[in-house]
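Here is a report on pockets, cavities, packing and the chain interface. Please look over the sequence and the model before reading on.

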Amino acid sequence: MEAFTRTTGRVAVIDRPDIDTDQVIPKQFLKRIERTGWGEFLFWDWRLDQDGNPRPDFELNNPAFADAKILMAGRNFGCGSSREHAPWAIQGYGFDVVIAPSFADIFRSNCMKVGLVPVELPEERVRALMDAVDTENGSEMTVDLEALTITGADGSTVEFEFDAFRRNCILNGLDDIALTLKHEAAITEYERANPSRIDTLALEH
Amino acid sequence: MAQTLFDRVWERHVVREEPGEPALIYIDLHLLHEVTSPQAYEGLRLAGRKLRRPDRSIATMDHNVPTDGGPVTDPLAKTQLDALAANCPAFGVPLYATGSGREGIVHVIGPELGLTRPGITIVCGDSHTSTHGAFGALAFGIGTSEVEHVMATQCLQQRRPKTMRMHFEGTLPPGITAKDCILGAIGQIGVAGGVGHVIEYTGDAIEAFTMEQRMTVCNMSIEAGARAGMIAPDDTTFAYLENRPASPQGAEWEAALDEWRQLRTDDGAEFATEVVVNVDDLVPQVTWGTNPGMVAPVTANVPDPADITDDEERQSLERALEYMGLQAGMAVRDIEIDRVFIGSCTNSRIEDLRAAASVVKGHKVSDGVHAMVVPGSVPIKLQAESEGLDKLFTEAGFEWREAGCSMCLGMNPDILQPGERSASTSNRNFEGRQGRGGRTHLVSPEMAAAAAVAGHFVDVRELSYEPVG
């Protein structure tokens, strides 16, 4: 994971609740075995029509949202499938941050692992931020994970909360597996104290 | 202090816990499939790491495989399946590959083999891992980074989730299924109602359910937003597990039973959230919208946006009705279907197939309806054939397919065409889930079978049929 501290850039708004990961990255793309190159498939079915032309009614096709780095959406963002391809695609498209009133658990966890910053704010705060976005000319914002602040183009600032452990991991780009392997002795001791009756290899014949 | 079932399972798996950090919890069983593992295997390879416990891991091929018995023709799907076939032996993981005679949907084969059992922790790069909670296991879906983390460490960093008790109160009326219970519950609490929680399902209805039915309930915990669903193990659980291929034998079995009987929620244990779902008046459920919480009794009408005062809710409803091509206020029973899919990790087990076959027996699939049955695993397919269920289906005009995820998620050739409408026993009715532009209605196996025969939704309670199998 690459370290992330803050981003300043345009904001895109998809003001819909319960956006599921099947929309974020439709299933036909999940067959790729690569870790990168997912951005072009983001919101494929919503963004493009059957012939591959942009659908003018879809929010991300609004020129005011072009090259946005911050995505704002409705509550329960990322529900459904556990596919980590969803945050990969959001990041690949150019976003560093997603702001929503709430996130689905697995999606939030996946974001933390790849350094896409999920910022949760009370619904009325998200509503106010969305309402302040100029949907004709575009708006900029700064999201600062170190300072835990969101600053609008007009200089107004909103504070947010973030899991302190995960914040440290993202600010420093830490490798989760390396962190856990520091406790290898504890894992080995656990395994010694809790011998398993499970052995998938014993099923082999 | 009084403990919940979840507390007991969680606490016995904590490897390490420090203030301010997520707990490190041990994972007893890691299930793998082709879609969410290739990048994780590659990550191990790039970092020069080993897979710590191949003996706690098992892989199968399910999402991408064609169910018509033919070869994989999609080059991307083939590449992904080939990657699994190469990665598993390279890291020592047993693989139940297509054609091995042991393959099936990952959440079907775990219980079938007896690997899923009470009190253990199970993860898989698939959100429907919640299925395994039916045995009193703590089982949940993870993303690919976490798959790699479990491969390398056999542990996960996890914040302790909140607990919810969902109590099914009352007596389940005749003809009402586990699928109706969980769809009704999701309709009640919404698709985000369970976020942050592990749900324990309780009540007479749950206790009376078979393991297959309990798996249907726990499978859809994620559709309520919950991390996992659990049901306390009892004699039904133990009877299911006895003499499965991986189940403990002899003295070990007796020791396991002693341990498993302790896995209960104490009287007076506190849950962060309590939900009561009354099942006395439950009616067969049909989803009409684009998430599983958009659900109605078959006897009801599709909702009318004009009746909704909340702006956001009304817009969602209007959007859903437009996508689904439905008229506001129309009777659910008047919705005509093009396709029927009986299968998926929600409803592809032997009892599901028996239930659907009972309704279908002696009838024909309606003209213009394309119906298929996809067993959850090869052993289930063979079992169904030994009971003659395949004949009942094929004589009625159903296709009888090979095991796999099939049309649940359309990663294989089984997809809906734009505008096609399905009655499906799967778990998600999201836009495009079964194919771009496809329209999915989630129902029980009995309701799907009845719709196949009628060509539209019908109240299965009004049909007379005898159980088969």
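Ala, Val, Leu, Ile, Met, Phe, Trp, Tyr, Cys and Pro count here as nonpolar, Asp, Glu, Lys and Arg as charged, and the others, Gly among them, as polar. On that basis, the lining of the second largest pocket has 11 nonpolar, six polar and 13 charged residues. The model is a predicted one.

**Pockets**

The second largest pocket holds about 810 Å³ of space. Its lining counts 30 residues. Asp105(A), Arg108(A), Met112(A), Asp163(A) and Arg159(B) lie nearest its centre. Three elements give two or more residues to this lining: α4 and β4 (117–120) of chain A, and β8 (155–158) of chain B. With five residues, α4(A) gives the most.

The largest pocket offers about 950 Å³. It is lined by 39 residues. Nearest its centre are Met1(A), Glu2(A), Arg35(A), Lys113(A) and Val114(A). Chain A supplies at least two lining residues from each of α3 (85–93), α4 (105–114), α6 (164–172) and α7 (176–181). Chain B does so from α2 (38–47) and from α5 (144–153). Which helix gives the largest share of the lining of the largest pocket? That is α2(B), with six residues.

**Cavities**

Rolling a probe the size of a water molecule over the atoms shows where empty space is left. Seven cavities of 30 Å³ or more are present in the structure. The largest cavity has about 230 Å³ of space. Its lining comprises 26 residues. Ser81(A), His63(B), Asp126(B), Leu409(B) and Arg433(B) are the closest to its centre.

The table sets out the lining classes.

| Space | Nonpolar | Polar | Charged |
|---|---|---|---|
| Largest pocket | 15 residues | 12 residues | 12 residues |
| Second largest pocket | 11 residues | six residues | 13 residues |
| Largest cavity | nine residues | 12 residues | five residues |

**Interface**

Chain A puts 67 residues in contact with 86 residues of chain B. The two chains bury about 6,100 Å² between them. Carbon and sulfur atoms carry 53% of that area. On the chain A side, Lys31(A), Arg197(A) and Ile198(A) lose the most area to chain B. Together they make up 14% of what that side buries.

**Nonpolar cores**

The largest nonpolar core contains 115 residues. Which of its residues touch the most other members? They are Phe77(A), Ile99(A) and Phe398(B). Leaving aside residues up to four places away in sequence, Ile99(A) touches Ile70(A), Leu71(A), Met72(A), Ala73(A), Val119(A), Leu121(A), Val126(A), Met141(A), Val143(A) and Ile150(A). A second, separate core has 77 residues, including Ile27(B), Phe168(B), Tyr201(B) and Ala232(B).

**Leu60(A)**

Leu60(A) sits in the loop between α2 (44–47) and β2 (70–73) of chain A. Is Leu60(A) buried or exposed? Buried means under 20% relative accessible area. Leu60(A) has a relative accessible area of 7%, so it counts as buried. Its contacts, again without residues up to four places away in sequence, are Ala12(A), Ile14(A), Leu42(A), Phe43(A), Arg47(A), Leu71(A), Tyr93(A) and Phe95(A). Take Arg47(A) from that list. Arg47(A) and Leu60(A) are 13 residues apart in sequence, and their C-alpha atoms are 7.0 Å apart in space. Leu71(A) is touched by Leu60(A) and also by Ile99(A).

Key
Residues numbered from 1 in each chain as written. Chains lettered and ligands numbered in written order. Predicted model: local features only at pLDDT ≥ 70, side-chain atom pairs only at ≥ 80, totals over all residues. Heavy atoms only, no water. Core = buried A, V, L, I, M, F, W, Y, C linked by side-chain atoms within 4.5 Å. Buried < 20%, exposed > 50% of the residue type's maximum accessible area, 1.4 Å probe, protein only. Contact = heavy atoms within 4.5 Å. 1 Å grid on protein atoms, 1.4 Å probe; cavity = no way out; pocket = protein on both sides within 12 Å on 5 of 7 lines; lining within 4 Å. Points joined across faces, edges and corners; volume = space filled by probe spheres on them. Helix = DSSP H or I, 4+ residues; strand = E, 2+ residues; numbered from the N terminus. Buried area = accessible area lost by both parts, 1.4 Å probe.
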